[in-house]
Amino acid sequence: MLKNYFPYEYLDSPFSIDYQKLFDKGFRGIIFDIDNTLVPHGAESNPDVDSLFEKIHATGFKTLLLSNNSEERVLSFKKNISSLHISEAEKPDTKNYIRAVEMLGLKKENVVYIGDQITIDIVGANKSGIPNILVKYVGYGSTKKIGARRRLENLILKIYSRSKYQNRIGKICTMQNEKTGSNTKRRILFCEMNPFFYWISCRKETVLRHLKNFFTKERFAKEISQDRLPNLVSSWHNALIKKGKGIDPVLQENKADNINLACRKMNGLVIHPGETFSFWSLVGKPSRKNGFKEGRVIEHKKLIAGFGGGLCNLGNTIHILALYSPLTVTEIHHHSDALAPDHGKRIPYSAGTSVSYNNVDFRFRNDTDQKVQLLLWCDSENLYGELRSEKEFPWTYKIAEEGHHFHKEGEKYFRVSKIYKETYDRRTNELLKRELNWNNHSEVMFDYAQIPAEQIV
C-alpha cells in the first residue's frame, strides 16, 4: 500500500525539529537511524550531534539508535552519547522496531522514528505502527544501488507532496537553525496579520479538533458518579483569587466563577481503564451563553480579558493530580509559569498548564487496571481537587525542581528550571524512575521589580 511509503512529516534535518513541541504533543521516546540521518555514512559523531542528544535527553526523551550497521559501528558512533541501541536491525523488517519500543518501555503512539530513507526507515516504521519523520539525507556513498533508491524516493516524495498524508504530527519545525544557533528570517503567519485573521485561524483549529474527535477511536470519559471511590491517590488545592500590583480584582472574581462552573461539569467523573480524560469535551465552549464570564487569558503572550479566563488554573490543578498518579498524560500545552510572583515557598507547577477551546486541550489516559475518579469543588477562597481509585496503587510519586532561577534575556526576564517526576515503590520507598517532566523556560508576566534579586542569575 502506497501509504506505507509516506512519512508523517518531512523536514530538513534532526536539527530542525522543535523537540519541546514534540514532547508537548505526548511523545516520550525517539528512535534514530544513524547513517545519513545524523552524520554522513560511516562518519563518527560530532559535537553538534552530541549536543543535540544532550538537549533531547534534557527535554525528557528516551532515545534508541536503530541501525542496520554492525555492533562495532554503532558503539563507535555512540561513544559520547548515552543511548540505547540495536545493531544489525534488518530494517525494514518490523521485529526490531517493535523490540525498540519495548526497550524504551513506551507505547507505539508515544514514540517517533527519525530516518532518512523512505524504502527502509519509513516503510519499517509505518508497518510497525510507529509515527515517523523523514529527514533529508546528510550524504552517502557513490554506489549505484543507493543512487537508484534515492531516485525512486524522489518520485515518492512528489506523490507525497500532493497527498493528504502530510503534517500528521504538525507544528514541530523550529524557526531557528539549532545546529548553528543562527536565526532565519521568519515568515509572518496568516494568524498574525490582524485580529480577524487570528479569529479565522482559531475557528479553523476548533473545527479540525471537532472532526478529529468525531473520527477518533479514543474513548472519552463521560460517567459522573456521586459515590466516591474509596482510595485517595492524590489531592491538591490552591487559592482562587490572586492579589497584587496590576491584578484586576473583577477579573479575579470572574475567574473564580468560571472555575466553579467548570468544576460542576466534571466533579465525580469516573475514568474507566482505557478511557481518556479530555478537558474541553467535558467543559464545553466557554461562552457568555454557557454562563462563563470574562477573566484573564493569555493571547500573543499578553494578559487580556476573555470569556472563560482562569480555566487554565483548573487545567493546571488537574494536571498536578495526574502527575501524582500512574495516569498517562497524552496531551499538555504550557504557557508561562510566571504569571504572578510567588507568595511564600516556591511550588513547582503552581501555574503553567494551558487550555484554550478546543484545540489546546489537556488530556490523560487511564492505562491502569482499575477505575479512577476525579473530584473538583470550590469554596469562597480555594479550588480543591482529588483523584481517587478503587484500591491503592503500588507506587508513590514526588515532583522535584532543580536549578530554579530568573534570567534576563534581552529586555525580558524568564523563570528557568527543570521539573522532574519521581516514581517510588510504595512498600520499600525505592526510587524506581526519575523523568524530566518539564524543561521550564517561562516569560515573566508580572512586574520585574517583584522578582527576588537573589534569584536572578
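Two residues are in contact when heavy atoms of one lie within 4.5 Å of heavy atoms of the other. Keep that in mind as we go, and remember that this is a predicted model.

**Stop 1: the whole chain**

Start with the full cartoon. The protein chain carries 10 helices and 19 strands. Of its 457 residues, 49% count as buried. If you show the surface, you are looking at about 23,100 Å² of accessible area, and carbon and sulfur atoms hold 52% of that. Among contacts in the chain with a separation of 6 or more, 70% are between residues 24 or more positions apart.

**Stop 2: helix H4 and its cover**

Select residues 95-104, which form helix H4. Colour Asn96, Tyr97, Ala100, Val101 and Leu104, the buried residues of this helix. Now turn the view to look down the axis of H4: the buried residues fall within an arc of 150°, so they line one face of the helix.

What lies over those buried residues of H4? Add strand S2 (29-32), strand S3 (62-66), strand S4 (84-86), strand S5 (111-115) and helix H5 (118-128), which are all included in the cover.

Both approaches to H4 deserve a click. In the loop between S4 and H4 you will find proline 92, and the peptide bond that leads into proline 92 from lysine 91 is cis, with omega near 10°. At the other end, just after H4, glycine 105 has a positive phi of about 70°.

**Stop 3: lysine 108 and helix H5**

Move on to lysine 108, in the loop between H4 and S5. Is lysine 108 buried, exposed or partly exposed? Its relative accessible area is 35%, and lysine 108 counts as partly exposed. Show what lysine 108 touches, leaving out residues up to four places away in sequence: Ile98, Val101, Ser128, Gly129, Ile130 and Pro131. Val101 is one of the buried residues of H4 that you coloured earlier. If you draw a C-alpha to C-alpha distance from lysine 108 to isoleucine 130, expect 5.4 Å, although 22 residues separate the two in sequence.

Now select H5 itself. This helix is mostly covered, with 10 of its 11 residues buried. The buried set includes Ile118, Ile120, Ile122 and Val123, together with Asp121, Asn126 and Ser128. Glycine 129 follows H5, and its phi is positive, near 80°.

**Stop 4: two residues with positive phi**

Here is a pair to view side by side. Asparagine 167 sits in the loop between helix H6 (144-160) and helix H7 (195-215). Its phi is near 55°, a positive value in a residue other than glycine. Tyrosine 349 is not a glycine either, and has a positive phi of about 65°; look for tyrosine 349 in the loop between S13 and S14. Surroundings set the two apart: asparagine 167 is exposed, at 56% relative accessible area, whereas tyrosine 349 is buried, at 1%.

While you are in the loop between S13 and strand S14 (363-365), pick out asparagine 358 as well. A cis peptide bond joins tyrosine 357 to asparagine 358, with omega about -25°.

**Stop 5: cysteine 263**

Next, select helix H8 (residues 249-266) and find cysteine 263 within it. Cysteine 263 is buried, with a relative accessible area of 1%. Which residues are in contact with cysteine 263, once neighbours within four places in sequence are set aside? They are Leu314, Leu376, Trp377, Cys378 and Leu383. From cysteine 263 to leucine 314 is 51 residues in sequence, and 8.1 Å in space from C-alpha to C-alpha.

**Stop 6: the second largest pocket**

Finish at the second largest pocket, with a volume of about 820 Å³. To find its centre, select Pro326, Leu327, Thr328, Lys433 and Glu435, the closest to that point of the 31 residues in the lining.

Then show the elements around the pocket. Helix H1 (19-24), helix H10 (311-323), strand S13 (328-331), strand S17 (395-409), strand S18 (412-425) and strand S19 (431-443) each supply at least two lining residues. S19 gives the most, with four. Colour the lining by class and you should see 11 nonpolar, 11 polar and nine charged residues.

Technical notes: Residues are numbered from 1 along each chain as its sequence is written. This is a predicted model: local features need pLDDT of at least 70, side-chain atom pairs count only at pLDDT 80 or more; totals for chains, interfaces and linings use all residues. Side-chain values use heavy atoms; hydrogens and water are left out. Buried means under 20% relative accessible area, exposed over 50%, partly exposed in between (1.4 Å probe, protein chains only). Accessible areas come from the Shrake-Rupley method with a 1.4 Å probe; for residues, only the protein chains shown count as cover. The arc is that of the directions from the helix axis to the C-beta atoms. On a 1 Å grid over the protein atoms alone, a cavity is a set of points where a 1.4 Å probe fits but cannot get out, and a pocket is an open set with protein on both sides within 12 Å along at least five of seven lines; lining residues have an atom within 4 Å of a point. Grid points are joined across faces, edges and corners, and a volume is the space filled by probe spheres set on the points. Ala, Val, Leu, Ile, Met, Phe, Trp, Tyr, Cys and Pro count as nonpolar, Asp, Glu, Lys and Arg as charged, and the others, Gly among them, as polar.
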